[in-house]
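This report describes the architecture of one protein model together with its ligand surroundings. The sequence and the structure are shown first, and the description follows.

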Amino acid sequence: MSDGPSPKPELFDQVVNLCKRRGFVFQSAEIYGGFRSTYDYGPVGVLMLRNVKDAWWRTMVQRRHDVVGLDTAILGPPQIWEASGHLQNFTDPLVDCRECGQRFREDTLNDPGTCPNCGSTDSFTEARNFNLMFKTQAGPVTGSGADAYLRPETAQGMFVNYANVQTSTRKKPPFGIAQIGKSFRNEITPGNFVFRTREFEQMEMEYFVPPDEAAKWYEYWCNERLNWYIELGISPDLLRLRPHEDDELSHYSSSTSDIEFLFPWGWGELEGIANRGDYDLQQHAEHSGKALDFYDQANEVRYVPYVIEPAAGATRTMMAFLMAAYDTDTVNDDERTVLRLHPSIAPFTVAVLPLSKKPQLMEPAQKLFSELAEHFSTDFDETQAIGRRYRRQDEIGTPYCVTFDFDSLDDEAVTIRYRDTMEQVRIPITGVVQWLRDNL
Ligand code: ATP
């Protein structure tokens, strides 16, 4: 058996540089020196991130009659986090170096006796539990009654709405509630670009099942979720499903597996799939005093559903897609950078490139742009020499470029160029939409 691919450390800087150069991701507040591991998504990044979220939503909600969507508040009262256990347990062990004052997460230090910043030995304080939730206050009056928290995960919004959703939709287990949205964690050591940030986006689904079916559905969702990344173009040898060891499991979870991707620094989590049992609904029922269960009329039993949760990170996943797609090849002795992104997550599906800025080409090219833009995410670029424009589209992963040239005025046809092979075909202008549909 082969050992599989090795991590490529050089890929990290290549992708980070490309992100800045082409407008995928910018450091937040960059003109002020940047702000604490926060990032802004640029003109092409925002398109790609939206595509990643749409691809997840299509698979997890749109194509399923057993899963419904939800969008819950980011701000929440302490009661939610008391019941969920986050106030008590959502902590990382924090140590300070007495010499240089830097702080670290003890469980991520390679050598817990040596400070990675200043090299001092035995300079760390005792580890103390640091809660990762951002606390704020809601309203103009301070005091404990005004305490509020930014959610550290989207999941609890789905648990506290279990009864609202179940009664309004009449869904019966097995059924799921899915949500995409921002989460906030005051990470001690954010880093590796957008892999670990304090503000990020999650894509989570809570699948409520009869308790005796939980093991079956857990297996099912592990497979479904792994296949999602493969179908969107990540090579299977860059992915693995890693079951948690017993000592890694949360106290309420009977089984958890992580889907991991081979990042430039090694394997890292993209998504966790957990069998959470009935822990969450039981906790919220107890703390709120509201019944959160299900009466199965056919079998005349009442039970609290078990939950299988596939929890993925949208921003982290976008980074994995970028890293998996990054490639270089040689064209006419020049190195070409190309993002071999799956068409459904590429920022643009197609770009219209008029060969010249002369009005006789610009006008019909703009008309073609308007027609394509009704159907596809379409770019329009008239700026530089055509070769440079092709390179730019290759670098942002646009699968097809449509070139409008002077011959187009006579033969009413355009040239379509495919990103991966650079092959070109001539197609009547009226057939471009259909051609793209057939070839995507
Ligand atoms: P990690 O072990 O990397 O801290 P986790 O196990 O705490 O992650 P979960 O709580 O399972 O993560 O969250 C689900 C997903 O949300 C993760 O798989 C990841 O993709 C994403 N995620 C979690 N924390 C962050 C973060 N700080 N920045 C970006 N994405 C994150």
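## Domain arrangement

The C-alpha centres of domain 1 and domain 3 lie 38 Å apart in this predicted model. The domain assignment gives domain 1 as 10-78 + 133-322, domain 2 as 91-131 and domain 3 as 348-439. Contact between domain 1 and domain 3 involves four residues of domain 1 and four residues of domain 3. On the side of domain 1 that touches domain 3, the elements giving two or more residues are α1 (10-22) and α2.

## The nonpolar core

The largest nonpolar core comprises 87 residues, and F321 and V402 have the most contacts inside it. Helix α2 (residues 43-62) gives the most to this core, namely eight residues. Domain 1 and domain 3 both give residues to the core, so it lies between them.

Which residues does F321 touch, not counting residues up to four places away in sequence? The contacts of F321 are V52, L232, I234, L341 and I345. F321 falls within the range of helix α9 (314-325), and V402 within that of strand β22 (400-404).

## Strands β10, β11 and β17

Strand β11 (199-209) is mostly covered, with 10 of its 11 residues buried. β10 and β11 run antiparallel and are joined by 10 bridges. Within this pairing, A178 has M205 of β11 as its bridge partner.

β11 is also joined to strand β17 (residues 306-313) by six bridges, and these two strands likewise run antiparallel. Here the bridge partner of Q202 is G313 in β17. In general, strands of a sheet pair through backbone hydrogen bonds, either parallel or antiparallel.

## Surroundings of the ligand

There are 16 residues around the ligand, of which F200, G272, A311, G313 and R316 come nearest. At least two residues of this shell are supplied by each of β11, β14 (266-277), β17 and α9 (314-325). β14 gives the most, with four residues.

G313 therefore appears in two roles: G313 is the bridge partner of Q202, and G313 is among the residues that come nearest to the ligand.

## The five-strand sheet and its helices

An open sheet of five strands follows the order β21-β20-β22-β23-β24, with mixed pairing. Its edge strands are β21 (378-380) and β24 (424-428), each of which pairs on one side only. From one strand to the next, the twist averages 25°. Strand β20 (residues 350-354) pairs with β21 in the parallel sense over three bridges, and A351 has D379 of β21 as its bridge partner.

Helix α10 (residues 359-373) lies across β20, β21 and β22, and runs at about 170° to β20. In helix α11 (residues 386-395), the buried residues are R389, Y390, R392, Q393 and D394. The elements that cover them include β19 (334-339), β20, β22 and β23 (413-418). Just after α11, G397 takes a positive phi of about 85°.

## Backbone conformations in loops

Two residues other than glycine have a positive phi: S37, near 55°, and F193, at about 60°. S37 lies in the loop between β1 (25-27) and β2 (39-41), whereas F193 lies in the loop between β10 and β11. Is each of these residues buried, or partly exposed? S37 is partly exposed because its 18 other C-beta atoms within 10 Å fall short of the 20 required for a buried residue. F193 counts as buried because it has 23 C-beta neighbours inside 10 Å, and the criterion is 20 or more.

The peptide bond from P173 to P174 is cis, with omega near 5°. P174 is placed in the loop between α6 (162-169) and β10 (175-184).

Methods:
Residues are numbered from 1 along each chain as its sequence is written. This is a predicted model: local features need pLDDT of at least 70, side-chain atom pairs count only at pLDDT 80 or more; totals for chains, interfaces and linings use all residues. A residue is buried if 20 or more other C-beta atoms lie within 10 Å of its own, exposed if 12 or fewer, and partly exposed in between; C-beta atoms are placed from the backbone. A nonpolar core is a set of buried Ala, Val, Leu, Ile, Met, Phe, Trp, Tyr and Cys residues joined through C-beta atoms within 7 Å. Domain bounds come from an automatic or database domain assignment. Two residues are in contact if their C-beta atoms, placed from the backbone, lie within 7 Å. Two strands pair if DSSP finds at least two bridges between them. Axes are lines fitted to C-alpha atoms, for helices over the stretch in contact, and angles run from 0 to 180 degrees between N-to-C directions. A residue is near a molecule or strand if its C-beta atom, placed from the backbone, lies within 6 Å of it.
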